[in-house]
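User: Hi! I have a structure open and could use some help finding my way around. Can we go through it together?
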Amino acid sequence: MERREFASRSRPGIGREPPRRYDFGSVSSSPAATRVRVTVDPGSPPCPVCGGADFLKIFRKGGYDFWKCAGCGLERRQPLPSLAELKAWYDDSYARGLYREFAAASRVKRATATRRLGEIRSRCPGDRWLDVGCSTGELVDVLRQRGIDARGIELSGIAVAEACRRGLPVVQSTPEDYRADRAFDVVTCFDLVEHAVDPVRCLEAVHRLLAPGGRIVLTVPNQGSVIRKLMGSRWYFYIPEEHLHYFNRSTIRRLLARTGFTTERCTRARKPLSYRYALTQLAAYNPRLHRALEAIARALPQPLLDWVVPLDIGEIMVIARKR
């Protein structure tokens with residue numbers, strides 16, 4: 001097997017000594033892993049899962065470097081953006097790009113919200129819910145129509161404005177900054193944690209917002225999925241502008257345990273999608289796959305393109321209880 005080396009950055013409090021060289025041994029299935037000696041920026045944070053400081057540079061995509069933690073296998077984009085940079089990117093996306101089309105895909109979003117609720121309701125008692133990263137509030141709307149007292153928070157001001165226009169109780173905030181007048185029985189974080197600049201602070205904030213014994217429900221792309229292994233660095237979830245951390249079943253469980261949660265259920269998540277909506281997303285995220293599927297789309301009847309079907313696209317759903 002090939003042997004690859006990497007360098008460790010100096011840990012806080014140890015001083016600015018030259019990086020130590022490590023023989024990492026064989027690195028399994030890392031897409032396009034580099035063989036050069038590299039080091040993480042000394043100012044970068046440690047791994048949010050295991051606290052380690054040693055990373056292997058695995059590939060470069062979209063002008064960003066991707067790194068893998070030597071201790072637990074978490075992958076992340078480096079350098080990480082500031083919260084202001086992330087917010088500006090989302091607002092720009094909602095105004096002009098993919099999120100504008102996402103907001104318009106009401107049938108797909110409503111099908112997703114309805115399916116998610118059906119999957120988790122029996123495991124998540126209580127009627128005080130908070131949806132973190134709620135976008136334009138589709139899940140909040142579905143919950144409230146079913147008699148659940150739901151609220152939402154969202155980083156993008158443009159998405160919040162759209163939710164408020166629909167009369168939904170959604171405010172612009174992060175979980176770290178949100179101050180509620182009550183504790184919540186359930187906090188949902190669908191497609192959120194991979195976007196967090198600091199996943200530990202994010203989940204610690206969710207922990208604070210929950211009532212004793214309350215549940216967090218989250219979904220993340222599965223870095224350990226078969227499709228990721230097959231696609232390598234071309235995996236459609238490797239989106240460095242917005243997806244900052246990449247988890248598998250083990251690392252997401254460890255992150256939850258570190259932030260005060262006990263995992264009760266960890267399973268594959270299916271997401272309702274239409275062929276047309278998937279094409280729209282792939283046009284920007286994976287042009288090569290988009291071209292292949294677009295050729296197939298030309299031969300399909302129009303009603304079939306808008307048929308919404310739950311698909312396993314390589315995501316994990318986790319339900320965890322506050323300790």
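User: Let's start with helix 5. Which strands does helix 5 lie across?
Analyst: Happy to help! Keep in mind that this is a predicted model. Helix 5, residues 157-165, lies across strand 7 and strand 8. Its direction runs at about 160° to strand 8.
User: And what does helix 8 touch?
Analyst: Helix 8 (residues 249-258) packs on the sheet and touches strand 10 (210-221), strand 12 and strand 13 (308-322). Helix 8 makes an angle of about 130° with the direction of strand 12.
User: OK, the sheet itself then. What is the order of its strands?
Analyst: The order is 8-7-6-9-10-13-12, which makes an open sheet of seven strands with mixed pairing. At the edges you find strand 8 (170-172) and strand 12 (261-274), and each of them pairs on one side only.
User: How many degrees are neighbouring strands turned against each other?
Analyst: On average, neighbouring strands of this sheet are turned by 20°, with direction ignored.
User: Can you zoom in on one pair? In which sense do strand 6 and strand 7 pair?
Analyst: Sure! Strand 6 (residues 128-132) and strand 7 (residues 149-154) pair in the parallel sense, over five bridges. For a spot to look at, try Asp-131, which stands opposite Gly-152 in strand 7.
User: New topic: aromatic rings. How many aromatic pairs are there in the whole structure?
Analyst: A search of the whole structure finds nine. One of them is Trp-235 with Tyr-238, an edge-to-face pair with 5.0 Å centre to centre and 85° between the planes.
User: Are Trp-235 and Tyr-238 buried or exposed?
Analyst: Both Trp-235 and Tyr-238 are buried.
User: What about Trp-235 and Tyr-246, how are those rings arranged?
Analyst: Trp-235 and Tyr-246 form a tilted pair, 6.2 Å centre to centre with 55° between the planes. This pair links distant parts of the chain, eleven residues apart: Trp-235 is in the loop between helix 7 (226-231) and strand 11 (245-246), while Tyr-246 is in strand 11.
User: Why does Trp-235 count as buried?
Analyst: Because its relative accessibility is 0%, and the cut-off for buried is under 20%. Tyr-246 is buried too, since its relative accessible area is 1%.
User: Which residues form the aromatic cluster with Trp-235?
Analyst: Phe-59, Phe-66, Tyr-236, Phe-237, Tyr-238 and Tyr-246 join Trp-235 in one aromatic cluster.
User: Last one! Where does the charged end of Arg-116 sit?
Analyst: The charged end of Arg-116 sits over the ring of Phe-190, 5.5 Å from the centre of that ring.

Methods. Residues numbered from 1 in each chain as written. Predicted model: local features only at pLDDT ≥ 70, side-chain atom pairs only at ≥ 80, totals over all residues. Heavy atoms only, no water. Pairing = 2+ DSSP bridges. Helix = DSSP H or I, 4+ residues; strand = E, 2+ residues; numbered from the N terminus. Axes fitted to C-alpha atoms, helices over the stretch in contact; angles between N-to-C directions. Contact = heavy atoms within 4.5 Å. Phe/Tyr/Trp six-rings, centres within 6.5 Å; stacked < 30°, edge-to-face > 60°. Buried < 20%, exposed > 50% of the residue type's maximum accessible area, 1.4 Å probe, protein only. Lys NZ or Arg CZ within 6 Å of the ring centre and 35° of its normal.
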